[in-house]
Amino acid sequence: MAAPFLLLSAPEAAEAGTNLIINPGFETAGTDDLPACWEKSGWGDNDFTFTTTADAHSGSKAVTVALTRRLDGDRKAMMTETPDCAPHVTTGQQYDLSVWYKSTTADTAVTLFRHDTTAGWQYWTDLMNPPVSAAWSKAEVRTPPVPAGTDQLTWGVSVYGVGSVTTDDYTAELVGGTPPDPVCTGTAAECQDGRWDVLPAQNPVRSMHSVVLKNGKVLLIAGSGNNTDNFAAGSFTSAVYDPEASTYKVIPTPDDMFCSGHIQLSDGRVLIMSGNKAYPAADGSHGYEGYRHSYVFDPDTETYTQTNDLNDGHWYPSATELGNGDVLSFGGLREDSTGSVTAEKWSAAQNKWLPLSQVNQTWSYWGLYPSMILMQDGRLFYSGSHVFGNGTPGTGSAVYDYDANTVTPINGLQNKDQRDQSASVLLPPAQDQRVLTIGGGNIDSNPDGNRLTDLIDLKQPNPTYSAGPLLPQGTVDLPTGTVPQTGAQGKMYVSAVLLPDGKILETGGGLHNRADPVHETSIFDPQTETFAPVAADPEARGYHSSAFLLPDGRVMATGDNPGNGTWNHNVSIYTPPYLFKGPRPQITSVTHDHWTYGSSQRITVDRTIARAELIRPAAVTHSSDPDQRFVDLPLTVVNGTTIDLNVTSNPNVAPPGWYMLFAVDANGVPSVAKWVHLDAQGSATALRSATSAGTDTPSPHIHDFARDLANKPQKPGKKRTSAPVGVRVSGCDNHYGTRDLCIPAVFPNTVKATTAARCTWLSSHDFKLPLKTNGVDDPLRLDPNHNGLACDRTDGGSPR
């Protein structure tokens, strides 16, 4: 409680240069054992003391916080969370914070809280890790722009390791100056909605996997390209696209990586796991089969090298990098077409897949391409996004704790069994721990794709999904022509791309399983939780399409593979509105391109910037890239163009690897990215800022988020070999035509259940009729006279 003579009516946020901290040097005594307007804060299992000391930077008082034993948690002295004591701030503004300190441990962090006018006080973010200092040193850092709905902030220096920090003379000052208004450099439509361009050079391969490499090029993996003739001939392809030269180089590809999993390793190589061992049998005796093979692709040599095998086959597996560089993989189809219940773990230290005996198993079947997102404490959040069919049993979403080997259901996901081919993304910045899930459908029942979106805040004690805004609607290409979407129509096969201005581009999709492309693109703002429609990709982007961020800030979109087996080789490039807002800031130098956690890294820019961030390069397929993330780098402004960037101490927030570094001005205009490597290894002299007083590397500052889950953790089930999966898992009936065609196992509900209606639908969607009937079964009644030809004239069909 503040001393009575300090009680004030709620003040207005001050002008630049005014210190907003009340009792910044602790000189005014409080009513308890801390100075006025200051309080004890923290959590966890630790032994601690708070002491007011005469060993001050100025005046006669400072405060020491010490931990003598720690299992978890932290302790900190902070401005009291009251209207009279906590600084008042203005939405959208930034504030320069500083504190004088001495410390005996590297495990300290400047931790910021904010007051939401609706939700109350809540953790905001960690801004920096001040290095160890035996003498008085000054820590300075700038806040991100104040989020909407925030009227106050409070902060302190957390101690989360055994040791102490003594602090004095706090300041919080409004960053002055008004940025110039952006000047539109394009047409009015381009400045509002951006622009799509279709490149003159087509993609030479039928790629369905896109990986942005550490050198800025793009690996496009096709394998057989969902083409049975290529598979039979052993013709497997990949290409490397160079965005600067707009050229393609076809790469020898050793195996059918069609529908494999892939991920960026910490050293910049690409790990590819499993792929297609066999297409479904014509007689329905088996479905797709996943092999055990695995490869790494080296961007430097542009070659594949085989690794040791996986423990099981995995056609459509997930891949998530952990904070130590290891990779966990789940789901997919085995070599016998059943569902794989085998979790796989890649050891970064050993450069191989670990044997089954060294990998924790719950014997859960997570489906195909389950979206498993790394949380800040090392657990995985299964968002409910997946490929093909229904979600996991129960609520459709869960938290998986690998160390405890438990699965805990998470509530709130809307219509969980129609989130097939939805997209999920960890919203910017990753420190906020919020996930957005977009759209989806269900190939088992083939309804219209939906407009649903869901949001979850994984910082909450018991996080649950809540409904987000509906997706905007666009137009849909139907056989009768292009028409506006109506009612609840949305899309599946949607792509979601993190942009350097902190927003998300959602684009592409189709209304039904491998049919009826939807042309709609919008930008989602995490601060306002709203979608803004923008220019739509003129190309169809449904099944086997992908969209991803390039280092120059544009977005590339490729692919589309309708059920009739054709392929769209046209490539689209989206130039977002921020690239029509005048000159771009430039990063003129980066002192080091190899960074360690908890360090400060110096860059220079050509003019004032508002923020900087790391964006992990894409490794995307089938709407899925669970490792995509945007990591905020709080600024310490040395002068207008010399900036120190403060790197998170927590590798779970930013797993090790190569990242695109963007500098962004106050109008959201980004620089072209520079490439930097983030890892725990390396020389302290080379990797820490020259201004750092110490060389001790802080341990990760992990918070006690999402630790009060309402649902009961589920322990591992009974050991089993696999999960049963129907041969129509892809939503295609292979009794007709070649195996790379997708005759819908279930037609859209607008199609009558008659031979004539179904054959007319197939004809209108460019299937070449009649189709050979494979075997004696005719489950869709397309060959009622049983002459071995489906949808010929004698069946009442309308062949082309």
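# Cysteines, strands and overall form

Student: Is C791 buried or exposed in this predicted model?
Tutor: The model is predicted, and its side chains can be classed by how much of their area is accessible. A residue is called buried when its relative accessible area is under 20%. The relative accessibility of C791 is 0%, so C791 counts as buried.

Student: Which cysteine is the disulfide partner of C791?
Tutor: A disulfide is a covalent bond between the sulfur atoms of two cysteines. The sulfur of C791 lies 2.0 Å from that of its partner, and the torsion about the S-S bond is about -85 degrees, so this disulfide is left-handed. C791 is in the segment after strand 58 (789-790), while the partner belongs to helix 4, so parts 32 residues apart in sequence are tied together. The partner, buried with a relative accessible area of 0%, is C759.

Student: How far apart in sequence are the two ends of the disulfide between C37 and C85?
Tutor: The S to S distance of this pair is 2.0 Å, and a torsion of about -70 degrees makes the link left-handed. C37 sits in the segment before strand 1 (38-43), and C85 sits in the loop between strand 4 (74-79) and strand 5 (95-103). Both cysteines count as buried, C37 at 1% relative accessibility and C85 at 2%. The pair thus links distant parts of the chain, with a separation of 48 residues.

Student: In which loop do C732 and C742 lie?
Tutor: The sulfur atoms of C732 and C742 are 2.1 Å apart and form a disulfide, which is left-handed at -90 degrees about the S-S bond. The two cysteines are 10 residues apart, and each is placed in the loop between strand 56 (722-723) and helix 4 (755-764).

Student: Which cysteine is in no disulfide, with C732 as the nearest cysteine?
Tutor: The whole structure holds 4 disulfides. When the bonded cysteines are numbered in sequence order, they pair as 1-2, 3-4, 5-6, 7-8. A disulfide requires sulfur atoms within 2.5 Å, whereas the sulfur of C732 is 11 Å from that of the cysteine in question. This residue, buried at 0% relative accessibility, is C259.

Student: Is E173 buried, partly exposed or exposed?
Tutor: E173 belongs to strand 10 (residues 163-174). Beyond its neighbours within four places in sequence, its contacts are G17, T18, N19, Q94, Y95 and D96. The relative accessible area is 29%, and the middle class runs between the 20% and 50% cut-offs, so E173 is partly exposed.

Student: What is the radius of gyration of the protein chain?
Tutor: The secondary structure of the chain comes to 4 helices and 58 strands. For 800 residues the globule rule gives 28 Å, and the chain comes close to that value, so it is as compact as a globular protein of that length; its radius of gyration is 28 Å.

Student: What percentage of the residues of the protein chain count as buried?
Tutor: The chain exposes about 27600 Å², with carbon and sulfur atoms supplying 51% of that area. Among contacts with a separation of 6 or more, 64% are between residues 24 or more positions apart. Of the 800 residues, the share that counts as buried is 63%.

Student: How far apart do the centres of the positive and negative side chains lie?
Tutor: The C-alpha atoms fill a box of roughly 100 × 60 × 50 Å along the principal axes. The chain carries 56 positive and 85 negative side chains. The distance separating the centres of these two sets is 5 Å.

Methods
Residues are numbered from 1 along each chain as its sequence is written. This is a predicted model: local features need pLDDT of at least 70, side-chain atom pairs count only at pLDDT 80 or more; totals for chains, interfaces and linings use all residues. Side-chain values use heavy atoms; hydrogens and water are left out. The radius of gyration is taken over C-alpha atoms; the globule rule is 2.2 Å times the number of residues to the power 0.38. Buried means under 20% relative accessible area, exposed over 50%, partly exposed in between (1.4 Å probe, protein chains only). Contact means heavy atoms within 4.5 Å. Accessible areas come from the Shrake-Rupley method with a 1.4 Å probe; for residues, only the protein chains shown count as cover. Lys and Arg count as positive and Asp and Glu as negative; His and the chain ends are not counted. The place of a charge is taken as NZ of Lys, CZ of Arg, CG of Asp or CD of Glu.
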